[in-house]
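Reader: I'd like a close look at the first stretch of this chain, please. Take me through its sheet and the helices that follow, and explain the terms as you go.

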Amino acid sequence: MKQFEVNGMSCAACVARVEKAVSKVEGVSSCTVSLLTHSMGVEGTASDQAIIAAVESAGYAASVKGSAGGTASPSGADALADRETPALRRRLLASLGFLLALMYVSMGHAMWGWPLPAFFDHNPVAIGIVQLLLCTAVMVINQRFFSSGFRSLWNKAPNMDTLVALGSAASFLYSTYALFAMSGAQAAGDLAGAMHCMHDFYFESAAMILTLITVGKMLEAHSKGKTTDALKSLMRLAPKTAMLLVNGVETIVGIEQVQQGDEFVVRPGESIPVDGVVLHGSSAVNEAALTGESIPVDKVEGDSVSAATLNQSGFLRCRATRVGQDTTLSQIIKMVSDAAATKAPIAKVADKVSGVFVPVVMAIALLTCIIWLLSGQTFGFALSRGISVLVISCPCALGLATPVAIMVGNGKGAKNGILFKNAVSLEEAGKVRVVALDKTGTITSGKPVVTDLLPANGYGENELLALAYALEDKSEHPLARAIVAQAQARNLCAEEVTDFQILPGNGLTAALNGQMLCGGSMNFAMQHSAVAADVQKRAGELAAQGKTPLFFLLDGKLLGIIAVADTIKEDSPEAVRQLREMGIHVVMLTGDNQRTANAVGKQAGVDEVIAGVLPDEKEAVIRRLKRRGKVAMVGDGINDAPALTRADIGIAIGVGADIAIDAADVVLMNSRLSDVPAAIRLSRATLKNIHENLFWAFIYNIIGIPLAAGAFISLFGWQLNPMFGAAAMSLSSFCVVSNALRLNLFDLHSTKKDRKIKPAKETKPMEKTMKIKGMMCQHCSGRVKKALEALPEVDEAMVSHENGTAILTLNAPVSDDVLRKAVEDQGYEVVG
């Protein structure tokens with residue numbers, strides 16, 4: 001996605017105008033514009049010049065933000081600095097100075113008799129001229145409203161500034177007309193008539209409208225600046241310098257000069273400048289900046305380290321592996337900023353309304369004036385009602401309702417190590433009904449450990465472990481590594497063995513001091529020695545607990561059993577419990593046998609266990625689970641990537657394979673399963689906040705416009721002064737942004753406000769059976785299956801060359817001709 005900066009936008013109508021203009025450019029496949037960050041994300045093959053020209057033709061200015069990921073540079077925080085609020089504050093102070101003087105003259109003197117110089121006594125024209133000059137000063141100070149508003153009107157794309165400019169200009173022009181009428185009356189000697197003309201002065205309304213809108217704009221800008229605090233804090237973490245080792249000499253260089261392969265040193269208390277691997281030394285590194293986890297992580301030689309993490313205790317010498325825009329920190333920043341540039345589906349409702357909102361309001365204002373004039377009211381009264389309609393209407397609140405909540409929600413997630421790649425994933429994550437968890441590395445740690453040592457009579461634990469160590473030290477199997485790690489933790493030594501062999505049937509053999517040392521499964525052990533019934537029973541109990549019992553023998557005599565298991569993570573049962581309390585159906589996927597899988601599933605507390613799933617079958621399982629509703633798939637391995645893509649929401653564990661992270665919609669920087677319910681919780685809270693914002697934005701306009709038009713005058717006597725309308729308009733956007741900022745107070749890991757959704761009824765899938773002629777082998781079945789499942793309407797195709805059939809599970813109706821063509825293109829005949 002190419003990023004652009006767009007200047008001149010003031011409301012949601014501007015956003016709709018820019019999106020419409022850019023979407024028409026040839027080669028543009030998608031375009032999303034953010035009023036919050038004044039940015040635009042464009043996908044497609046169109047040139048930068050064509051895109052910028054389209055924006056300019058719509059009446060706005062655009063420029064390329066920079067190369068992909070450019071926001072991740074150390075200066076990126078400066079780019080997000082709030083420059084708008086100080087400028088608006090200066091405008092406001094200047095406006096207030098002239099407005100207070102104007103209010104003193106127009107209202108203080110007229111209503112409360114506040115003194116004026118003697119020159120103004122019995123000289124209403126002089127008073128009118130002073131009001132004209134003071135109002136003109138306020139209008140000049142706030143000329144941006146007029147330049148933007150009338151330019152947009154000229155380009156047939158009226159926006160919020162157009163409404164403000166029209167309301168203020170109408171007040172000013174009518175007041176100027178009244179001033180000329182007053183001067184004529186005074187010149188004719190009709191002092192009473194001249195004084196009466198003062199009732200038609202709206203100079204103070206024109207100035208007050210502009211000043212109050214500026215107050216709202218300043219509050220809005222300040223609040224909008226707060227929404228990007230999370231992103232700015234991430235950018236500030238990026239170190240500015242690095243201590244490189246050049247020919248053995250330590251040299252301080254700018255971070256942009258560090259190249260992949262360079263060696264650098266980090267002392268206690270310093271931040272790690274780029275991603276790297278530890279060559280020498282050990283330390284505790286605080287990774288809270290990236291993961292939100294405050295407990296330091298021990299790093300030794302061979303471990304990886306990430307940019308912006310803090311070295312707390314030891315001296316480290318490292319080699320740079322990823323620099324510049326490739327570091328983990330830069331990727332996080334890019335992900336968060338890209339997500340802010342995307343648009344949530346729920347925003348489309350507001351966009352459709354915003355596209356026609358301003359023209360409709362202008363029409364209502366004109367109609368209001370005409371109706372009141374026809375009803376016999378004065379022109380001044382009718383104009384006042386029309387101006388009130390113009391200035392109370394606020395498309396800004398509609399345009400900001402969704403993006404501010406998305407920005408704050410994304411920032412909140414990033415601070416806690418939960419990264420949403422786009423606004424769609426942030427909105428949709430809260431709607432999932434089923435969570436499918438890959439077992440290895442997700443529910444479990446992914447690293448087998450020794451859980452039980454059961455030596456036979458005559459042997460001790462250390463003796464059994466030492467002999468097993470001698471045998472397994474030659475093996476690279478993960479279960480062997482677990483035994484080796486346990487032995488090394490006890491400082492045991494491995495005796496040298498010879499004639500090491502890996503035998504079929506899950507077994508190892510070797511010679512130790514002239515004796516045969518064996519190890520493996522129970523079946524393998526029973527081939528070399530008799531195994532007592534009570535020992536077999538104990539092995540069965542271990543297997544039922546999800547553990548793998550390994551038997552060890554020396555010259556046919558049983559040494560004992562060592563049980564190894566991929567233990568579940570400490571937080572897995574609690575995470576599963578939280579998901580179930582939220583009304584989510586939790587499924588565990590694993591390639592293990594059903595017995596072992598059931599044991600792990602029982603410990604984790606999942607609702608359903610699907611065992612014996614091969615890597616390429618996970619995607620098909622996700623398709624079937626979709627019948628229950630939206631599905632989230634959580635995984636970390638390369639073989640999880642297709643399932644992550646197939647699921648409605650793919651969630652990748654951050655320490656997993658890069659391909660899994662690329663395929664996912666949500667990335668968990670920690671390896672904690674408890675972050676899954678936290679991500680869903682944050683999504684639900686963000687969606688609720690968006691609903692609140694949209695509700696208030698719509699209700700405000702639904703009530704405010706009729707009130708301003710005078711619809712309630714005959715019923716309740718309610719009449720809205722244009723100045724109060726301007727005040728209401730200025731505060732509406734501020735309220736929406738402030739409501740979104742409440743998300744910063746949201747506790748992701750608290751279960752107090754969890755709401756249990758009703759389980760969705762499983763939809764009965766549409767099925768269709770095809771009779772196919774010409775399939776001769778499994779290869780033929782595979783070709784037909786692949787061709788049929790490539791169709792978007794086909795969830796699954798069960799093809800049998802023996803029966804000559806293909807049973808299709810469909811997610812949408814599909815014509816027989818399409819199915820027939822897909823099969824016949826592969827060289828087979830469809831007979832029915």
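**A sheet and its helices**

Author: Happy to! Let's start with helix α2 (residues 48–57), which lies across β1, β2, β3 and β4 and runs at about 160° to β4. What you have on screen is a predicted model, where local features need pLDDT of at least 70 and side-chain atom pairs count only at pLDDT 80 or more, while totals for chains, interfaces and linings use all residues. Residues are numbered from 1 along each chain as its sequence is written, and side-chain values use heavy atoms, with hydrogens and water left out.

A few words on the vocabulary will help. Helices (H or I, at least four residues) and strands (E, at least two) are DSSP runs, numbered from the N terminus. Axes are lines fitted to C-alpha atoms, for helices over the stretch in contact, and angles run from 0 to 180 degrees between N-to-C directions. Contact, for its part, means heavy atoms within 4.5 Å.

Now to the sheet beneath α2. It is open and has four strands in the order β2-β3-β1-β4, with antiparallel pairing. Two strands pair if DSSP finds at least two bridges between them. At the edges are β2 (28–34) and β4 (61–64), each of which pairs on one side only. From one strand to the next, the twist averages 25°. For one pairing in detail, follow β2 alongside strand β3 (residues 39–44): this antiparallel pair spans six bridges. Within β3, G41 is the residue that stands opposite T32. Helix α1 (residues 12–23) packs on this sheet too, touching β1 (2–7), β2 and β3, and its direction makes about 165° with that of β2.

Further along the chain, helix α7 (residues 160–187) is worth following. The axes of helix α5 (residues 124–141) and α7 come within 10 Å and cross at roughly 160°. The two are therefore roughly antiparallel to each other; angles under 35 degrees count as roughly parallel, over 145 as roughly antiparallel, 65 to 115 as roughly perpendicular and the rest as oblique. The crossing of α5 and α7 is left-handed, a label used if the near helix is turned anticlockwise from the far one by less than a right angle, with clockwise being right-handed. On the α5 side you can pick out residues including P124, V125, I129 and L132, and they meet a set in α7 that includes S168, F172 and L179. The residues of this α5–α7 contact comprise nine nonpolar, six polar and no charged. For that count, Ala, Val, Leu, Ile, Met, Phe, Trp, Tyr, Cys and Pro are nonpolar, Asp, Glu, Lys and Arg are charged, and the others, Gly among them, are polar.

Helix α6 (residues 143–154) meets α7 as well: their axes come within 7 Å and cross at roughly 110°. That angle is why α6 and α7 are described as roughly perpendicular to each other. Their crossing is left-handed. Among the α6 residues taking part are R144, F145, F146 and L153, while the α7 group they meet includes D161, V164, L166 and S168. In this α6–α7 contact the residues divide into eight nonpolar, five polar and two charged. If you want a residue to centre your view on, try S168, which is listed in the contact of α7 with α6 and also in the contact of α7 with α5.
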